[in-house]
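Trainee: I should like to learn how to read the features of a protein model in a sound order. May we work through one together?
Mentor: Certainly; please look at the sequence and the structure first.

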Amino acid sequence: MDAAAEDAAGEPDAAPSSPGLPSRPEGTAHARSGAVHWAATAAGIGAVIAVAVVTAPAQGAPYAVRPPTAGPVRAPAPAPVPAPDPAKAQLPLDCGPFPVKAARTFSADLDADGRPETVVAAHCDGTNGTPPDGVYVLAAGAGAPRVAATLVRPEENLSVLELEPGDGGTVIARVQGYSTVDVPRCCPDVNLILSWARAGDSWVRAQVAAPTEQAGA
């Protein structure tokens, strides 16, 4: 009895439990204190992260926004060079009071320099008959086209029925005329196919008889 009493007297009195409440197991207060500390720490870390997310873009270095990469930019194609206008050229025809008439014409880049020339067959627009043609190569000049070459002179008494470009910058014409002055003007007896090929700054002329079906057309 005395020993049991001493043991009971040596132990500290247990805290009285509140009436009506269950007694808390040992260590519950410590666990709650740890949970509160962890929640506070987590909340603080979350606040720091939120501030960093909000302020980081403003604190970062500025950068340029580039548009999507496009293909290479091509320079616009140059405007085509206009061909010489025969109406603006001073042709070497002595027509007196009569106007000059361009009977046949075409334009082509005959020398492959990127600038077209104009070939024109022209004659004086008289009141009687059809005067003979001259055939001229026109090139661009200062203000007005210039005569770069004479392919047929009016003195040859030839009329041009067809005029067109050939291969390799050549010029082809079908012509008719008169073998002598005694041949009636109504009935030309010369029918030829003429062609010209460039040779440096000059033109070399060739001719063959026109086919029978074309003669007198």
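Trainee: How many disulfides does a search of the whole structure find?
Mentor: A disulfide is a covalent bond between the sulfur atoms of two cysteines. The criterion here is a pair of cysteine sulfur atoms within 2.5 Å. A search of the whole structure yields one disulfide. It links Cys95 with Cys124, at an S to S distance of 1.9 Å. The angle about the S-S bond is -85°, and the link of Cys95 and Cys124 is left-handed.

Trainee: Which parts of the chain does this pair tie together?
Mentor: Cys95 belongs to the loop between α2 (28-59) and β1 (100-108), and Cys124 to strand β2 (residues 117-124), so the bond ties together parts that lie 29 residues apart in sequence. Helices (H or I, at least four residues) and strands (E, at least two) are DSSP runs, numbered from the N terminus.

Trainee: Before going further, what kind of model is this, and how is it treated?
Mentor: This is a predicted model, in which local features need pLDDT of at least 70 and side-chain atom pairs count only at pLDDT 80 or more, while totals for chains, interfaces and linings use all residues. Residues are numbered from 1 along each chain as its sequence is written, and side-chain values use heavy atoms, with hydrogens and water left out.

Trainee: What is the mean pLDDT of the protein chain, and where is it lowest among the elements?
Mentor: pLDDT is the predictor's confidence in each residue, from 0 to 100. For the protein chain the mean is 77, and 64% of the residues reach 70 or more. Among the elements, helix α1 (residues 2-10) has the lowest mean pLDDT, 45, and strand β3 (residues 134-139) the highest, 98. Over residues 1-25 the pLDDT stays under 50, and the model has zero contacts there beyond four places in sequence; a contact means heavy atoms within 4.5 Å. Residues 48-58 are also below 50, with zero contacts beyond near neighbours in sequence.

Trainee: Are the cysteines buried or exposed?
Mentor: Buried means under 20% relative accessible area, exposed over 50%, and partly exposed in between (1.4 Å probe, protein chains only). Cys95 is buried because its relative accessibility is 9%, and Cys124 is buried at 14%. Cys186, in contrast, is exposed at 61%, and Cys187 is partly exposed at 41%. Of the 217 residues in the protein chain, 23% are buried.

Trainee: In what order do the strands of the open sheet run?
Mentor: Strands of a sheet pair through backbone hydrogen bonds, either parallel or antiparallel. Two strands are taken to pair if DSSP finds at least two bridges between them. The protein chain has two helices and eight strands, and four strands form an open, antiparallel sheet in the order β1-β2-β3-β4. Its edge strands, β1 and β4 (146-152), each pair on one side only. Within the sheet, β1 and β2 pair in the antiparallel sense over eight bridges, and Arg104 has Ala121 of β2 as its bridge partner.

Trainee: How do β7 and β8 pair?
Mentor: β7 (190-199) and strand β8 (residues 202-209) are antiparallel, with eight bridges. Ser195 has Ala206 in β8 as its bridge partner. The hairpin of β7 and β8 has two residues between the strands, and Gly200 there takes a positive phi near 70°.

Trainee: Which residues touch the most other members of the largest nonpolar core?
Mentor: A nonpolar core is a set of buried Ala, Val, Leu, Ile, Met, Phe, Trp, Tyr and Cys residues joined through side-chain atoms within 4.5 Å. The largest holds 21 residues, of which Val119, Leu163 and Val171 touch the most other members. At least two residues come from each of β1, β2, β3, β4, β5 (158-165), β6 and β7, and β7 gives the most, with four residues. Leaving aside neighbours within four places in sequence, the contacts of Leu163 include Phe106, Val119, Val135 and Val171. Another core, of nine residues, lies apart from it; among its members are Leu91, Leu93, Cys95 and Val120. Thus the disulfide-bonded Cys95 is also one of the members of that core.
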